[in-house]
Amino acid sequence: MVYVDNASIPFGRMKMAHMVADTEDELLDMAGRIGLARRWLQHGGTATVHFDVCLSKRAEAINQGAKPITSRELGVMIIERMKAQNEPNA
């Protein structure tokens, strides 16, 4: 499953959210379907792997089946992943 949070972080003239998934392969698949370059992947291979997406790409991801979640839900998800992978700062 792919998830997009409801963040609205300013980046220049855009507002950005985060896109994550249960697996990195699912994340990369969705990124390809909505036109994101793989080079924009952040923290690949870690519990915090994600894409920053502008709000129009967030809407596109939701139209393609991504589940909208809150930023708080994303934070809990990341903490749980970090604990499961025994990553520092969990």
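His43 is partly exposed, with 46% of relative accessible area. In this predicted model, His43 is found in the loop between helix H1 (24-33) and S4. The phi angle of His43 is near 60°, a positive value in a residue other than glycine.

Attention turns next to the empty space around the protein atoms. Rolling a probe the size of a water molecule over the atoms shows where such space is left. The largest pocket has a volume of about 230 Å³. Strand S2 (9-11), strand S3 (14-21) and strand S4 (51-54) are the elements that give two or more residues to the lining of the largest pocket. The lining consists of 14 residues, and those nearest the centre of the pocket are Phe11, Met16, Asp52, Val53 and Cys54. The greatest contribution comes from S3, which gives four residues to the lining of the largest pocket. When the lining residues are sorted by class, nine are nonpolar, three are polar and two are charged.

One of the residues nearest the centre of the largest pocket, Asp52, lies in strand S4. Asp52 has a relative accessible area of 30% and is therefore partly exposed. Leaving aside neighbours within four places in sequence, Asp52 is in contact with Met16, Ala17, His18 and Gln42. Met16, named among these contacts, is also one of the residues nearest the centre of the largest pocket. Between Asp52 and Leu74, which are 22 residues apart in sequence, the distance in space is 13 Å from C-alpha to C-alpha.

The charged side chains were examined for pairing. Side chains of opposite charge can pair when their charged atoms come close. The count of salt bridges comes to two. In one of them, Arg33 is joined to Asp29, and the closest N and O atoms are 3.2 Å apart. Both Arg33 and Asp29 belong to helix H1, where they are four residues apart, about one turn of the helix. Arg33 counts as partly exposed because its relative accessibility is 40%. Asp29 is likewise partly exposed, with a relative accessible area of 44%.

A salt bridge is also formed by Lys57 with Glu60, with 3.6 Å between the closest N and O atoms. Lys57 and Glu60 both lie in helix H2, three residues apart, which again is about one turn of the helix. The relative accessibility of Lys57 is 21%, so this residue counts as partly exposed; the cut-off for a buried residue is under 20%. Glu60 is partly exposed, with a relative accessible area of 33%.

Helix H2 (residues 55-63) also holds Arg58. Arg58 is buried yet has no salt bridge. The nearest side chain of opposite charge is that of Asp5, 5.5 Å away. Because a salt bridge requires the nitrogen and oxygen atoms to lie within 4 Å, the separation of 5.5 Å between Arg58 and Asp5 does not meet the cut-off. Asp5 is nevertheless among the residues in contact with Arg58, as are Val4, Asn6, Ala17, Val53 and Pro68, leaving aside neighbours within four places in sequence.

Pro68, one of these contacts of Arg58, lies in strand S5 (residues 67-68). Pro68 is partly exposed, with a relative accessible area of 45%. Not counting residues up to four places away in sequence, Pro68 touches Val4, Arg58 and Ile62. Val4 thus appears in the contact list of Pro68 and in that of Arg58. Pro68 and Met19 are 49 residues apart along the chain, and their C-alpha atoms are separated by 9.4 Å.

A further residue considered here is Met77, whose place is in helix H3 (residues 71-84). Met77 is buried, with a relative accessible area of 19%, as the cut-off for this class is under 20%. Met77 touches Tyr3, Val20 and Ile69, residues up to four places away in sequence not being counted. Met77 and Arg38 are 39 residues apart along the chain, and 22 Å separates their C-alpha atoms.

Methods:
Residues numbered from 1 in each chain as written. Predicted model: local features only at pLDDT ≥ 70, side-chain atom pairs only at ≥ 80, totals over all residues. Heavy atoms only, no water. 1 Å grid on protein atoms, 1.4 Å probe; cavity = no way out; pocket = protein on both sides within 12 Å on 5 of 7 lines; lining within 4 Å. Points joined across faces, edges and corners; volume = space filled by probe spheres on them. Nonpolar A, V, L, I, M, F, W, Y, C, P; charged D, E, K, R; others polar. Buried < 20%, exposed > 50% of the residue type's maximum accessible area, 1.4 Å probe, protein only. Lys, Arg positive; Asp, Glu negative; His and termini not counted. Contact = heavy atoms within 4.5 Å.
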